[in-house]
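Let us learn to read a sheet and what packs on it. Have the sequence and the model ready.

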Amino acid sequence: MIRRNYQWARQTMLERLVSQGVRAQPVLDAMAAVPREAFVDEVQSVRAYEDCSLPIGQGQTLSQPYIVARMTELVMSGERRLSRVLEVGTGSGYQAAVLAQLCQSVFTVERIGAFLDQAKARHRALGLLNIRYMHRDGFKGWPSQAPFEAIVVTAAPDAVPPELKEQLAVGGRLVIPVGAQGGGQKLTVITRLADNEYQTRWYDLVSFVPLLPGSLA
């Protein structure tokens with residue numbers, strides 16, 4: 001097996017993120033701390049730090065570094081450390097690993113069981129012990145662990161699932177791409193202002209795989 005040194009590539013990624021507008025130093029530190037090459041197969045690892053998404057199998061992708069950093073920055077809403085964060089769509093496990101650098105506890109939900117098992121193994125190999133896992137339909141979130149200070153969704157529904165909004169703590173943020181694939185998805189941030197009051201803001205145009213119901217082995 002060829003052992004590659006990714007330090008230069010990781011530093012180049014960080015410089016590119018700053019040039020793309022990522023400003024929160026804790027987010028940049030988290031991106032620097034997580035070895036992105038550990039979340040793709042060996043064939044793709046040489047491209048791990050490129051400014052693009054990468055396939056991880058079953059029609060799913062690992063988002064480009066900018067999108068991961070951007071969503072994390074929006075989730076954090078400043079530099080304070082969050083206690084409880086839900087991720088919907090574990091995928092490769094990379095976004096959860098980044099969040100784990102910044103949050104006390106990360107709860108991650110994935111509909112494809114094989115992805116969840118693989119992500120868990122990767123996290124354990126990196127010593128990330130503050131992540132909890134659930135194999136289930138992502139539309140349902142994780143109500144038994146709610147409320148969450150933040151929720152980040154890594155696939156796009158056509159409309160915001162009401163169950164996820166309901167699992168936000170007051171003051172909490174839901175960061176989610178919304179819209180049909182190929183139809184102009186928008187990165188959306190919903191803040192819960194009170195029990196039945198929400199504020200919605202729209203940010204970047206993005207392209208995510210669709211958020212699908214149900215679960216698979």
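What follows is a short dialogue on strands, helices and cysteines.

Q: What kind of model is this, and how are residues numbered?
A: Residues are numbered from 1 along each chain as its sequence is written. This is a predicted model, where local features need pLDDT of at least 70, side-chain atom pairs count only at pLDDT 80 or more, and totals for chains, interfaces and linings use all residues, while side-chain values use heavy atoms, without hydrogens and water.

Q: In what order do the strands of the sheet lie?
A: Strands of a sheet pair through backbone hydrogen bonds, either parallel or antiparallel. Strands (E, at least two residues) and helices (H or I, at least four) are DSSP runs, numbered from the N terminus. Two strands pair if DSSP finds at least two bridges between them. Here 7 strands form an open sheet in the order S5-S4-S3-S6-S7-S8-S9, with mixed pairing. S5 (131-135) and S9 (197-206) are the edge strands, and each pairs on one side only.

Q: In which sense does S7 pair with S6, and with S8?
A: S7 (residues 168-178) and S6 (residues 148-153) are parallel, over 4 bridges. Phenylalanine 148 has leucine 168 as its bridge partner, and valine 152 stands opposite valine 175. S7 and S8 are antiparallel, over 6 bridges. There, valine 175 stands opposite valine 189. S7 and S8 form a hairpin with 6 residues between them. In its turn, glycine 179 has a positive phi of about 135 degrees.

Q: How many residues of S7 are buried?
A: Buried means under 20% relative accessible area, exposed over 50%, and partly exposed in between (1.4 Å probe, protein chains only). S7 is mostly covered, with 9 of its 11 residues buried.

Q: Which strands does helix H4 touch?
A: Contact means heavy atoms within 4.5 Å. Helix H4 (residues 65-76) packs on the sheet and touches S3, S4, S6, S7, S8 and S9. Axes are lines fitted to C-alpha atoms, for helices over the stretch in contact, and angles run from 0 to 180 degrees between N-to-C directions. The direction of H4 makes about 160 degrees with that of S7.

Q: How many disulfides does the structure hold?
A: A disulfide is a pair of cysteine sulfur atoms within 2.5 Å. The structure holds 0 disulfides. Cysteine 52 is buried, at 17% relative accessible area. Cysteine 103 is buried too, at 0%.
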